[in-house]
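Please find below some notes on the model, set out as numbered points. They deal in turn with confidence, covalent and charged links, and packing.

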Amino acid sequence: MKRLLAAITIAATLAASSASAFDPADLKKLKETNECIGCDLSKADLAFANLTKANLIGADLSLASLTNANLTNANLTYANLSYANLTGANL
């Protein structure tokens, strides 16, 4: 019984941590079109990305790495940048 409980706890923890990561399809969309409205990019590595004029309205960029990213003229209206790393980013 204890093993079953431990297995359930581990499975729930893994599912919860993976659910809070970015959606790979959203990251691909951003890279291909420079637009990702309402996308989940939380915890994404966007360091050194050229996001000039990117349309990121309502995107979730929480905990994302945006170090040295170029966000010149990017539309970040309603975007969630909570705890995002913006060190050296050009806004």
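**Notes on the predicted model**

1. The link of Cys-36 and Cys-39 is left-handed, with -90 degrees about the S-S bond. This is a predicted model, in which local features need pLDDT of at least 70 and side-chain atom pairs count only at pLDDT 80 or more, while totals for chains, interfaces and linings use all residues. Residues are numbered from 1 along each chain as its sequence is written, and side-chain values use heavy atoms, with hydrogens and water left out.

2. The link in question is a disulfide (a pair of cysteine sulfur atoms within 2.5 Å), with an S to S distance of 1.8 Å between Cys-36 and Cys-39; a search of the whole structure finds 1 such bond. Cys-36 counts as buried because its relative accessibility is 0%, and Cys-39 is likewise buried, with a relative accessible area of 3%. Here buried means under 20% relative accessible area, exposed over 50%, and partly exposed in between, using a 1.4 Å probe and protein chains only.

3. Gly-38 counts as exposed, because its relative accessibility is 52%; this residue lies in the segment after helix 2. Helices (H or I, at least four residues) and strands (E, at least two) are DSSP runs, numbered from the N terminus. Leaving aside neighbours within four places in sequence, Gly-38 is in contact (heavy atoms within 4.5 Å) with Ile-57, Gly-58 and Ala-59. The C-alpha atoms of Gly-38 and Asp-60 are separated by 6.9 Å, although the two residues are 22 residues apart along the chain.

4. The search of the whole structure also finds 1 salt bridge, a term that requires a side-chain nitrogen of Lys or Arg within 4 Å of a carboxyl oxygen of Asp or Glu. The side chains involved are those of Glu-32 and Lys-28, at 3.8 Å, N to O, and both residues are exposed. Because they are 4 residues apart in helix 2 (residues 24-33), Glu-32 and Lys-28 are separated by about one helical turn.

5. The largest nonpolar core (a set of buried Ala, Val, Leu, Ile, Met, Phe, Trp, Tyr and Cys residues joined through side-chain atoms within 4.5 Å) has 20 residues, and those with the most contacts inside it include Leu-30, Leu-46 and Leu-61. Not counting residues up to four places away in sequence, Leu-46 touches Leu-27, Leu-30, Leu-61, Ser-65, Leu-66 and Ala-69.

6. The mean pLDDT (the predictor's confidence in each residue, from 0 to 100) of the chain is 85, and 78% of its residues reach 70 or more. Over residues 4-18, however, the pLDDT is below 50, and this stretch has 1 contact in the model beyond near neighbours in sequence.
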